[in-house]
2 protein chains.
Amino acid sequence: VSDPDTDRLAAIFEPLAQSVRELIDATVRTETDAATVAAAIAEIDSATARLRSVQFDGPVALQPIAASRRTWGNAVIGLRNPIAPPLLIKGEIGRVWADFHLGAAYEGPPGLVHGGVIALVLDHILGEAASDRQRPRFTGTISVRYLRGTPLGPLHTEATVVRTEGVKTYAVGHIADDEGPTVEAEGVFILPRWARD
Amino acid sequence: VSDPDTDRLAAIFEPLAQSVRELIDATVRTETDAATVAAAIAEIDSATARLRSVQFDGPVALQPIAASRRTWGNAVIGLRNPIAPPLLIKGEIGRVWADFHLGAAYEGPPGLVHGGVIALVLDHILGEAASDRQRPRFTGTISVRYLRGTPLGPLHTEATVVRTEGVKTYAVGHIADDEGPTVEAEGVFILPRWARD
């Protein structure tokens, strides 16, 4: 779903988030000298001051320019959040998936994705499967089972709703590399009180 | 534990990561115009190019300058990883805690920490409790139970080992705001094959 105002804002702010994602990777990997780092910091701080010249101080999910179907600031799917890989989730209500890439900033053990980042992604994708556009469902409990290490690089995740009982929706999902699943998860997602009839 | 070389490198690279963390927050919050964003992107890309002039392309956990007790690149505790809050973990083997702060970049529902970020932090702190300096233990399974929404801002987390049976160590923990626990977790952490006798 697209509208002109969202597209216009995306054209401005998505390249910014992508530029910061590159900077994050460079910050993790750099081995340059103190003078070069100091010069980089000066430029970064200047960019920060420019961006802060007009900024929103409330919850970013309620940011007026975010009043669209896209979730701009979200830590997993936010197109303008540099921390988000971001996941571009496809699918339908009850079954969703995403192909994504995790680089050096998401590392735990050498060459492997941090186990907590795995849980971060699975919590989001299962919750997305359990939610519909009008009524989000929030995590009640989630259990994650690690089958083997998940390598950094290109990955796939998917989630499916198993059943719904009243305000509880049960979902399962996994993350896979090109050799198959590395981690499985199951969770219970709750319809918040404000969204109940 | 401190050594002169680590301290020298920390003095160079920690301010860089902190500067990038500020930029991430500004990127999420900014409402400035297209021309200002374009000027910021130019500065950010210039800083990235400076940092990439000498960089390490292997797993960052094996980065030569990381050969110290500090885990520089880790996604939760990495002092030079801008994605990491970072957690500064205190305690002893079998019981650890951290006071930390989560800002706008970690948001899920309005004003609340993303449920997946909660799982990210708990996976790390439970694993830290279960590990000792010579022998890390990696997550086998973890279950997270959400008691209520966790507000963005200052938070506390802690974890304790319950028992060890062979290669399996059982740990529990929670995250709390100033009114008490918001989320509880329990997990099984496995001694990797290469660390067994």
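In this predicted model, the largest nonpolar core takes in 102 residues, and the members that touch the most others are A:Leu122, A:Leu126 and A:Val144, along with B:Leu122, B:Leu126 and B:Val144. In soluble globular proteins, nonpolar side chains tend to be buried together. A:Val144 gives a good look at what one of these core members has around it. Setting aside residues within four places in sequence, A:Val144 is in contact with A:Ile118, A:Ala119 and A:Leu122, and also with A:Val183, A:Glu184 and A:Ala185. Its contacts reach into chain B as well, where they take in B:Gly140, B:Thr141 and B:Ile142.

Now for the overall layout of chain A. The chain has 3 helices and 6 strands, and reading from the N terminus the order is α-α-β-β-α-β-β-β-β. Along the principal axes, its C-alpha atoms fill a box of roughly 60 × 40 × 25 Å. Of the 197 residues in chain A, 54% are buried. If contacts with a separation of 6 or more are counted in this chain, 61% of them are between residues 24 or more positions apart.

A:Glu92 and A:Ala129 show what such a separation can look like on the model. These two residues sit 37 residues apart in sequence, yet their C-alpha atoms are 7.9 Å apart in space. A:Glu92 belongs to strand E1 of chain A, which covers residues 90-92. With a relative accessibility of 53%, A:Glu92 counts as exposed, because the cut-off for that label is over 50%.

A:Thr182 makes a handy contrast: its relative accessibility is 0%, so A:Thr182 counts as buried. This residue is found in strand E6 of chain A, residues 180-190. Leaving out residues up to four places away in sequence, A:Thr182 touches the run A:Arg145, A:Tyr146, A:Leu147, A:Arg148, A:Gly149 and A:Thr150. The other residues that A:Thr182 touches are A:Ile175, A:Ala176 and A:Asp177.

Next come the charged side chains. Over all chains, the structure holds 16 salt bridges. One of them pairs A:Asp25 with B:Arg52, with the closest N and O atoms 3.0 Å apart. This pair crosses between chains, going from helix H1 of chain A (residues 4-29) to helix H2 of chain B (residues 34-52). On the chain B side, B:Arg52 has a relative accessibility of 25% and so counts as partly exposed. The pair is also part of something wider, since a network of salt bridges links A:Glu22, A:Asp25, A:Arg29 and B:Arg52.

A second salt bridge joins the side chains of A:Glu43 and B:Arg50, at 2.8 Å from N to O. Here too the pair crosses between chains, this time from helix H2 of chain A (residues 34-52) to helix H2 of chain B. The two partners fall into separate accessibility classes: A:Glu43 counts as buried at 15%, whereas B:Arg50 is partly exposed, with a relative accessible area of 34%. The cut-off for buried is under 20%, which is why A:Glu43 gets that label.

A third salt bridge stays within chain B. B:Arg29 pairs with B:Asp25, and the closest N and O atoms are 3.3 Å apart. Both residues lie in helix H1 of chain B (residues 4-29), with their positions 4 residues apart, or about one turn of the helix. B:Arg29 and B:Asp25 are both buried.

What about empty space inside the model? A search of the whole structure turns up 1 cavity of 30 Å³ or more, and the largest cavity has a volume of about 60 Å³. From chain A, its lining includes A:Ala75, A:Ile83, A:Tyr106, A:Val117 and A:Leu120. Chain B adds B:Ala75, B:Ile83, B:Tyr106, B:Val117 and B:Leu120. The elements giving two or more residues to this lining are helix H3 (115-130) of chain A and helix H3 (115-130) of chain B. Sorted by type, the lining of the largest cavity has 10 nonpolar residues, no polar ones and no charged ones.

Finally, there are cis peptide bonds to point out. In chain A, the bond from A:Pro85 to A:Pro86 is cis, with omega near -20°, and A:Pro86 lies in the loop between H2 and E1 of that chain. In chain B, a cis peptide bond joins B:Pro85 and B:Pro86, with omega about -20°. B:Pro86 is placed in the loop between H2 and strand E1 (90-92) of chain B.

Conventions:
Residues are numbered from 1 along each chain as its sequence is written. Chains are lettered from A and ligands numbered from 1 in the order in which they are written. This is a predicted model: local features need pLDDT of at least 70, side-chain atom pairs count only at pLDDT 80 or more; totals for chains, interfaces and linings use all residues. Side-chain values use heavy atoms; hydrogens and water are left out. A nonpolar core is a set of buried Ala, Val, Leu, Ile, Met, Phe, Trp, Tyr and Cys residues joined through side-chain atoms within 4.5 Å. Buried means under 20% relative accessible area, exposed over 50%, partly exposed in between (1.4 Å probe, protein chains only). Contact means heavy atoms within 4.5 Å. A salt bridge is a side-chain nitrogen of Lys or Arg within 4 Å of a carboxyl oxygen of Asp or Glu. On a 1 Å grid over the protein atoms alone, a cavity is a set of points where a 1.4 Å probe fits but cannot get out, and a pocket is an open set with protein on both sides within 12 Å along at least five of seven lines; lining residues have an atom within 4 Å of a point. Grid points are joined across faces, edges and corners, and a volume is the space filled by probe spheres set on the points. Ala, Val, Leu, Ile, Met, Phe, Trp, Tyr, Cys and Pro count as nonpolar, Asp, Glu, Lys and Arg as charged, and the others, Gly among them, as polar.
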